Amino acid sequence: MTEVKINVIFVDDEPKVLDGIRRMLRPMRHEWTMHFANSGQEALNQLESAEFDVIVSDMRMPGMSGSELLNIVQEKYPHMVRIALSGQAEKEQILRAVGSVHQYLSKPCDPERLKSSLVRSCALRNLFKSEEVKSVVSLIKILPSMPDLYTRLIDELSLPDAQIKNVARIISQDVAMSAKVMQLVNSAFFGMPRHVSSPDEAVRLLGLDIIQSLVLTVHVFGQYEGENIYGHPISELLDHSLKVSGCAKLIAKKEKLGSKFMDDVTIAGLLHDLGKLIIASNMKEHGADIKQLLNQDGMNTTDAERQVLGTSHAEIGGYLLGLWGFPDSVVEAIVFHHEPNVMLHDELTILTVLHVANALVVKAMDNGQNVHYGELDMSYMSTLGLEDKIEAWQPICDEVINQEAG
Ligand SMILES: [Fe+2]
Ligand SMILES: [Fe+2]
């Protein structure tokens, strides 16, 4: 990925706060160009004179408030990452800006948190600017368009009183689609407690987000049917994706990470290797070169893809899902699922679970030859203090992996 210097602007009416940030982030000055403004108006003036990537704004300021400022920024510069800095007493302000803010940081701001949240936003932003990714995406002839059904689902889901029965009806109307969705739901990897017999029941049991992603999975894999992924049939990749998704969900469940986390990680698992489909089906010659590097030179997939394309399936897939409006945390997990160390998280995230689930599934499919967990980044796991978890997570994954596809 070409490194692009990131332009960040910090806005706060208190000079002391800005000075603190300036000092704290000095070590990052080679990667970021940092600008500072004392008021919303001054920030807007600066935004007119140069192109910026990220804005970090205080919420409570005299004159133009932080939420007003971020709303304007969202309108005028929709590509920018918007981060709000706020004190405890500013809940109302935050609520007013809720649609225009990507991330919140509380004041007083912990330097490591600020740094890592900027690094994270910038890494994704860099990807969207990367010429390699853009040029690969521009080569795609059959861009997997959003299926019509999916668009209708989104319309329904955006209604304040979205109804399960309407969603189920929309899915049922597309007979081929609903048959395939039901097939995935009932595959053993999905871990449903009993046979699910109707779309209505599936929606009820799995929830709207998961159903939406299943529809997308069926659509994308269906569009590339018969393709071959670096020498493997596409059905193998679907099988792999379902297993990773199933393992990831059960790990999240075991760690009691909550239902939203479980849903997101299930979705990330289903779609994490989407980029492979895109490369294999749209760039056949490149695909053949990559296959050769994998088979003859024993390179790992990401390295081989980088050598041939300058980017990887993880980045291409993440890029597309980002364009399609998937949440940042899911996009981030997909982009970095083979190199989680690039992200400076200090806690267990969707990325962590996806990375481990993918590695454990790959290892199991390797017939146990790769005893050192090859794909698993142990130094990343120990940075998070999670190296001991693997032992507990392994049997969970084995159970999923050893299921017969139903
Ligand atoms: Fe992958
Ligand atoms: Fe994978």
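Buried means under 20% relative accessible area, and this cut-off will help with several of the close-ups below. Welcome to a predicted model, shown here one small region at a time.

**View 1. Aspartate 273 is a bridge between two iron ions.** Let us begin with the residue that links the two metal sites. Aspartate 273 bridges the iron ion (ligand 1) and the iron ion (ligand 2), and these two ions are 3.5 Å apart. Is aspartate 273 buried or exposed? Its relative accessibility is 2%, so aspartate 273 counts as buried.

**View 2. Four residues hold the iron ion (ligand 1).** Here you can find Asp273, which coordinates through OD, together with His313, His337 and His338, each of which coordinates through NE2. The coordination distances run from 2.1 to 2.3 Å. Angles among the four donor atoms range from 82 to 173°, and the site is irregular. To trace these residues along the chain, follow the spacing D-x39-H-x23-H-H. Histidine 337 has 0% relative accessibility, so this donor residue counts as buried.

**View 3. Four residues hold the iron ion (ligand 2).** Now move across to the other ion. His240 and His272 each coordinate the iron ion (ligand 2) through NE2, while Asp273 does so through OD and Asn358 through OD1. These contacts with the metal span 2.2 to 2.3 Å. This site is irregular, with angles of 83 to 175° among its four donor atoms. Along the chain, the donors are spaced H-x31-H-D-x84-N. Histidine 272 has 0% relative accessibility and therefore counts as buried.

**View 4. Asparagine 358 sits among residues from both iron sites.** Which helix holds asparagine 358? Look for helix H19, made of residues 350-365. With a relative accessible area of 1%, asparagine 358 is buried. Leaving aside residues up to four places away in sequence, asparagine 358 touches His240, Val244, His272, Asp273, His337, His338 and Glu375. Among these neighbours, His337 and His338 coordinate the iron ion (ligand 1), whereas His240 and His272 coordinate the iron ion (ligand 2).

**View 5. Helices H8 and H10 cross with a right-handed turn.** This close-up leaves the metals and turns to a pair of helices. H8 covers residues 164-173 and H10 covers residues 199-206. Their axes lie 8 Å apart, and the helices pack at an angle of about 130°. H8 and H10 are therefore oblique to each other. On the H8 side, the contact is made by Ile164, Lys165, Val167, Ala168, Ile171 and Ser172; on the H10 side, by Pro199, Asp200, Val203 and Arg204.

**View 6. Arginine 204 is an exposed residue of H10.** Here is one of the contact residues of the previous view. Arginine 204 has 54% relative accessibility, so this residue counts as exposed. How many residues apart along the chain are arginine 204 and alanine 168? They are 36 residues apart, and 9.0 Å separates their C-alpha atoms.

**View 7. Helices H9 and H10 cross with a left-handed turn.** Helix H10 appears once more, this time with helix H9, which runs through residues 175-185. The two axes come within 10 Å and cross at roughly 45°, and H9 and H10 are therefore oblique to each other. Ser178, Met182 and Val185 of H9 make the contact with Pro199, Ala202 and Leu206 of H10. Pro199 is also one of the H10 residues in the contact with H8.

Notes:
Residues are numbered from 1 along each chain as its sequence is written. Chains are lettered from A and ligands numbered from 1 in the order in which they are written. This is a predicted model: local features need pLDDT of at least 70, side-chain atom pairs count only at pLDDT 80 or more; totals for chains, interfaces and linings use all residues. Side-chain values use heavy atoms; hydrogens and water are left out. Donors are N, O and S atoms within 2.8 Å of the metal (3.2 Å for Na, K and Ca); water is not among the atoms, so sites may look incomplete. Four donors count as tetrahedral if all angles lie between 85 and 135 degrees; four count as square planar and six as octahedral if opposite donors are over 155 degrees apart and all others between 65 and 115; anything else is irregular. Buried means under 20% relative accessible area, exposed over 50%, partly exposed in between (1.4 Å probe, protein chains only). Axes are lines fitted to C-alpha atoms, for helices over the stretch in contact, and angles run from 0 to 180 degrees between N-to-C directions. Helices (H or I, at least four residues) and strands (E, at least two) are DSSP runs, numbered from the N terminus. Angles under 35 degrees count as roughly parallel, over 145 as roughly antiparallel, 65 to 115 as roughly perpendicular and the rest as oblique. A crossing is left-handed if the near helix is turned anticlockwise from the far one by less than a right angle, and right-handed if clockwise. Contact means heavy atoms within 4.5 Å.
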